[in-house]
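Reader: I'm new to looking at protein models, and I'd like to learn where the words in a description come from. Could you take me through this one?

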Amino acid sequence: MHIVVCIKQVPDSAQIRVHPITNTIMRQGVPTIINPYDLFALEEALRLRDRYGGEVTVLTMGPPMAKQALEKALSYGADHAVLLSDRHFAGSDTLATSFAISRAITKIGRRRTPEIVFAGKQTIDGDTAQVGPGIAKRLELQQLTYVTKIVSIDLHTRKIAVERRSEGGIQMLDSRLPCLITVLDGVNVIRRGSVADALHGARSEIPTWRAADVGIEELANCGLRGSPTVVKRVFAPTPRAEKAIQIEAIGQESGQVADDVVASILEHQPAVERSSCPTRSLLTKSH
């Protein structure tokens, strides 16, 4: 089995700051990490490789420094890594990103066609959850999103069964290979790579592919020119001026606490009472 895992190097969101005057993200001095959701996808791919055999190739698109993320992925146990980097990709939105990555996956598949392409459910810097489905659409792959468990894989019949989370609960899906899977967080625990894996990550020569290397001639579909998304403004939310209302609950019956909470809501949000009791509101006005 050949599995491709798409990862992204992102700023550590816990240390991102917004400039108070320009309202832009201040990236200087902010460390980068592998997108946390992608780590769950990587671990799931490694588990499938350990169970069914084969190899795992990790792919990312970004500046030259994104090789650090690929080296980290190799140290966890991935077999191969590829960096997709070109100045033509700068400023890509999700549409342009999925276009470039799909071309890179196509090239990877010339050596050995992947049965599964993995990605995290979304990235912590964009939070769009659009790149994975975009890749699936461009490569005409079966698309299985928000997957929480891979139940079974039959390589002979080319079938896969998964569980995915939906608004109504858990769905059981049967599909065919090849497919693209986006993984939810918390479905597994990323392993600690062995010493051999760490040496493999440190010593591996990671190839860098340019646009021409993956057969991209339509440069108008890449970077800013191929990105219809426009970010008007980035800003930090204004802190709320109102303080939280505390209601004493120690030593009181649950029913009394509930009555106090409802009474406080109606006192401070009279519109709630009017919308929930329109008849009462009309009677009040008539008197």
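**From values to words**

Author: Gladly! Let's start with Lys-8, which is partly exposed, with a relative accessible area of 31%. Keep in mind as we go that this is a predicted model.

Reader: What makes Lys-8 "partly exposed"?

Author: Buried means under 20% and exposed means over 50%, with partly exposed in between. Lys-8 has 31%, so "partly exposed" is the right label. Asp-125, at 35%, gets that label too.

Reader: How do you know that Lys-8 and Asp-125 form a salt bridge?

Author: The closest N and O atoms of Lys-8 and Asp-125 are 2.9 Å apart. The cut-off is 4 Å between a side-chain nitrogen of Lys or Arg and a carboxyl oxygen of Asp or Glu, so this pair qualifies. Side chains of opposite charge can pair when their charged atoms come close.

Reader: Why do you say that Lys-8 and Asp-125 tie parts of the chain together?

Author: Lys-8 is in the loop between β1 (2-6) and β2 (9-11), while Asp-125 is in the loop between β8 (116-120) and α4 (131-139). These parts are 117 residues apart in sequence, so the pair links them.

Reader: How many salt bridges are there?

Author: The count comes to 10 salt bridges. Another one joins Glu-43 and Arg-47, at 2.8 Å from N to O.

Reader: Why are Glu-43 and Arg-47 said to be about one helical turn apart?

Author: Both belong to helix α1 (residues 36-52) and they are 4 residues apart, so about one helical turn separates them.

Reader: Are Glu-43 and Arg-47 buried or partly exposed?

Author: Glu-43 has a relative accessible area of 3%, which is under 20%, so Glu-43 is buried. Arg-47 has 38%, which falls between the two cut-offs, so Arg-47 is partly exposed.

Reader: Which other salt bridge does Glu-43 form with an Arg?

Author: The side chain of Glu-43 also meets that of Arg-191, with N and O 3.0 Å apart. Arg-191 lies in the loop between β12 (179-183) and α5 (195-203), whereas Glu-43 is in helix α1, so this pair ties together parts 148 residues apart in sequence. Arg-191 is partly exposed at 24%.

Reader: What makes a network out of these salt bridges?

Author: Shared partners do: salt bridges join Glu-43, Arg-47, Arg-49, Asp-50, Asp-79 and Arg-191 into one network.

Reader: How do you know that the charged end of Lys-107 sits over a ring?

Author: The charged end of Lys-107 is 4.3 Å from the centre of the Trp-209 ring. The distance limit is 6 Å, and the charge must also be within 35 degrees of the ring normal. Lys-107 counts as sitting over that ring.

Reader: How many aromatic pairs are there?

Author: The count is 0 aromatic pairs.

Reader: What makes Thr-145 and Ser-227 "buried"?

Author: Thr-145 is at 14% and Ser-227 at 11%; both values are under 20%, so both residues count as buried. Thr-145 lies in strand β9 (residues 142-154). Leaving out residues up to four places away in sequence, Thr-145 touches Pro-133, Arg-164 and Thr-182. Ser-227 is in the loop between β13 (208-209) and α6 (254-268). With that same exclusion, Ser-227 touches Gly-91, Ser-92, Asp-93 and Ala-96.

Reader: Which residues of helix α2 are buried, and what covers them?

Author: In helix α2 (residues 67-76), the buried ones are Ala-69, Leu-70, Ala-73, Leu-74, Ser-75 and Tyr-76. Their cover includes β2, β5 (32-34), α1, β6 (55-61), β7 (80-84) and α5. Just after α2, Gly-77 takes a positive phi of about 130 degrees.

Reader: Why can Val-272 belong to a nonpolar surface patch?

Author: A patch residue needs over 30% relative accessible area, and Val-272 has 38%, so Val-272 passes that test. Val-272 lies in helix α7 (residues 270-276). The patch is made of Ile-245, Ile-247, Val-261, Ile-265 and Val-272, with about 370 Å² of accessible area together.

Reader: What does the chain come to overall?

Author: The chain has 8 helices and 13 strands. Of its 287 residues, 38% are buried. The accessible surface is about 17,100 Å², and 53% of that belongs to carbon and sulfur atoms.

Definitions and conventions
Residues are numbered from 1 along each chain as its sequence is written. This is a predicted model: local features need pLDDT of at least 70, side-chain atom pairs count only at pLDDT 80 or more; totals for chains, interfaces and linings use all residues. Side-chain values use heavy atoms; hydrogens and water are left out. Patches are made of residues with over 30% relative accessible area and no salt bridge: like charges are joined within 9 Å, nonpolar side chains (Val, Leu, Ile, Met, Phe, Trp, Tyr) within 5 Å. Accessible areas come from the Shrake-Rupley method with a 1.4 Å probe; for residues, only the protein chains shown count as cover. Helices (H or I, at least four residues) and strands (E, at least two) are DSSP runs, numbered from the N terminus. Buried means under 20% relative accessible area, exposed over 50%, partly exposed in between (1.4 Å probe, protein chains only). Rings of Phe, Tyr and Trp (its six-membered ring) pair if their centres lie within 6.5 Å; planes under 30 degrees apart count as stacked, over 60 as edge-to-face and the rest as tilted. Contact means heavy atoms within 4.5 Å.
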